[in-house]
Amino acid sequence: MKVLSETRTRVLFEKLTKYIGVNVKLLIDRPDGTYCFREKKDRVYYISERLLQLAQTVKPDHLISAGTCFGKFTKTNKFRLHITALAYIAPYAPYKIWVKPSAEQQFLYGNHVIKSGLGRITENTPKHQGVVINTMSDIPIGFGVVARSTTECRHADPLATIAFHQADIGEYIRSEDTLV
Amino acid sequence: MDIVNEILEKEQKKAEKYKPITVEKHLELELDVGTLLAFDTNDLDTKLLKSDNQRDAYLQSLARDNTQLLLNKIWELPTERIDEAIVVKLPQPTTVLPRSKPVPKPKPLTKWQEFAKAKGITKQKKDKLKWDEQLQKWVPLYGFRKAAAEKEKDWLIEVPQNVDPMTDMYEKKASEKSEKVAKNELQRLKNIARSRKVNIPRVGLPVTSDKANATQLSTAAVVAKASTASLGKFQDKLPKEKEARGKGVHELIPGKVRKRNAPIPTPQMERENNLNLIDRILNKRPKIDMDKAVSKHIHKEQVQRSEEKKSMKPVKGKGKAKGGNVTNFSAKKPKAGKGQRNPNKKNPGRKRR
């Protein structure tokens, strides 16, 4: 488990602020112990200091992962969020999209959210904002990036893409072997 | 009797001084006389080995005994006497010694050698000297006195019919020769490059700016930038410029020493650093987000409009023309009687939807 380099930490936090804004601080500034980000084989793990110390007893070759995988760095040094981060991102996300029950499955198969499937959207969502996508019963099912702002959504035709698919919980099955 | 005793004593002293040549061993030594090698497989006396004052003596005696055994074996071989010295011819060694260095790899073949091998061409030996009819003497094929012979032979060169009569045939010959040498040198270098698996351009020279690929160009740009910066001229970054990456790029950039891995910070330090970094990122937000501003404006307009619409609702059906254009965003089918009409116009015209 490596400490992230300065540039990589910056890239990671920039990505996280796209989804949860100021709340990134809450991920680090926690009352229940210190948490930190570590990387292993380009994957970033969110891990408590206590667990990290336990993990350090394992030989690096034998350690596959420890903590929660937040995502991975691509070869061009961009950061991709993985669906495994949803548990930490969803409660803090200020901008959300709710999809209709009929469109849930479409999204869980990796498709974008289209206007006809849009149930609700947070007021004043700007363009290209990272959002958490929920079902109508408030269960988070994935991440997306808004393709149209809330105001633009009103005029969009039913087949227009509202949010680009980033990750969804269907990946737990679809890309089980590459996820962690 | 005295003499006898004396002699006996002397003998005894001598015997004490020289140890016997027979050595008793529990197990026989493994001897390889060819390499003058003896293996002692007997157990060592651990007691003597561990005692500090007796260890050296013990080891010395052991070495002496084993050497004695080896020499005994050598004495068994047939001896010769050459110039007052007794000489023994050692047999072939039986112990196989491992190489200290790996077996050398075969030299990579040149392109010609490869071709000759494939075609089954073998080199034919030529005589070093050849009889020259013109000079009436033996001329070497190459090397010493070849050039002199050539000079003697070519005291005059005829200019052929089809060539410009003013050409210097000697110059032409010299240039042909130098070209041949250059070609040979190029082929030699190509052979080296091939054997080392270096990529070389198929035609002509190494990379120039018009043939370089994107990474080479970006590397060159970064290097040039670092170089001018070291002279005090700092250039701005271009809008979409990327830092050159890849193997060996760092080494090319002057003054860019690779950073050592920073030590792992303490949890508190790390937390503080992270929080500072987040603050910096959050404060860096762009001041004016045009998209956001526009969408806000549109939103405001929409709210205003909807409020106007609400306030107009009680006077349904009457003052519709007065209120200006009210856009209906519902996706429903347009109904009759809702088109725009201008009653002030003489000609009411058709319904517009």
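Helices in this tour are DSSP runs of at least four residues, numbered from the N terminus, and the model through which they are followed is a predicted one.

**First stop: helix H10 of chain B**

Select residues 290-312 of chain B, which form helix H10, and pick out B:Ile298 within that helix. B:Ile298 has a relative accessible area of 31% and is therefore partly exposed. Adding B:Ile288, B:Met290 and B:Val294 to the selection, together with B:Ile298, displays a nonpolar surface patch of about 390 Å².

**Second stop: chain B as a whole**

Widen the selection to the entire chain, where 10 helices and six strands can be coloured. Of the 353 residues in chain B, buried residues make up 11%, and the accessible surface comes to about 33300 Å², of which 56% belongs to carbon and sulfur atoms. If contacts are drawn between residues of chain B that are at least 6 apart in sequence, 35% of them join residues at least 24 apart.

**Third stop: salt bridges in chain B**

Over all chains, a search of the whole structure finds 20 salt bridges, and three of the pairs in chain B can be visited in turn.

Begin with B:Lys153 and B:Asp132, whose side chains meet in a salt bridge at 3.4 Å, N to O. This pair links distant parts of the chain, since B:Lys153 belongs to helix H5 (residues 146-153) and B:Asp132 to strand E5 (residues 129-132) of chain B, 21 residues apart. Which of the two partners is buried, and which is partly exposed? B:Asp132 counts as buried because its relative accessibility is 12%, with buried meaning under 20%, whereas B:Lys153, at 30%, counts as partly exposed.

Move next to helix H6 (residues 169-195) of chain B, which holds both B:Arg188 and B:Glu185, three residues apart, or about one turn of the helix. The closest N and O atoms of their salt bridge are 2.9 Å apart. Both partners count as partly exposed, B:Arg188 at 43% relative accessibility and B:Glu185 at 35%.

Then select B:Glu241 and B:Lys225, which form a salt bridge with their closest N and O atoms 3.0 Å apart. Here too the pair links distant parts of the chain, with B:Glu241 in the loop between helix H7 (214-230) and helix H8 (249-252) of chain B, B:Lys225 in helix H7 of chain B, and the two positions 16 residues apart. B:Glu241 is partly exposed, with a relative accessible area of 24%.

**Fourth stop: the sheet of chain A**

Turn now to chain A and display its open sheet of five strands, which has the order E1-E2-E3-E4-E5 with antiparallel pairing. Strand E1 (2-3) and strand E5 (79-81) of chain A stand at the edges, and each has a single partner strand, so one side of each is left without a neighbour in the sheet. Helix H1 (residues 6-20) of chain A packs on this sheet, where it touches strand E2 (35-40), E3, E4 and E5 of chain A, and its direction makes about 40 degrees with that of E5(A).

Within the sheet, zoom in on strand E3 (residues 43-48) and strand E4 (residues 68-73) of chain A, which run antiparallel and are joined by four bridges. To find one such position, select A:Tyr46, whose bridge partner in E4(A) is A:Thr68.

**Last stop: a network in chain A**

Finish by selecting A:Arg8, A:Glu39 and A:Asp42, which are linked in a network of salt bridges.

Conventions:
Residues are numbered from 1 along each chain as its sequence is written. Chains are lettered from A and ligands numbered from 1 in the order in which they are written. This is a predicted model: local features need pLDDT of at least 70, side-chain atom pairs count only at pLDDT 80 or more; totals for chains, interfaces and linings use all residues. Side-chain values use heavy atoms; hydrogens and water are left out. Patches are made of residues with over 30% relative accessible area and no salt bridge: like charges are joined within 9 Å, nonpolar side chains (Val, Leu, Ile, Met, Phe, Trp, Tyr) within 5 Å. Accessible areas come from the Shrake-Rupley method with a 1.4 Å probe; for residues, only the protein chains shown count as cover. A salt bridge is a side-chain nitrogen of Lys or Arg within 4 Å of a carboxyl oxygen of Asp or Glu. Buried means under 20% relative accessible area, exposed over 50%, partly exposed in between (1.4 Å probe, protein chains only). Two strands pair if DSSP finds at least two bridges between them. Contact means heavy atoms within 4.5 Å. Axes are lines fitted to C-alpha atoms, for helices over the stretch in contact, and angles run from 0 to 180 degrees between N-to-C directions.
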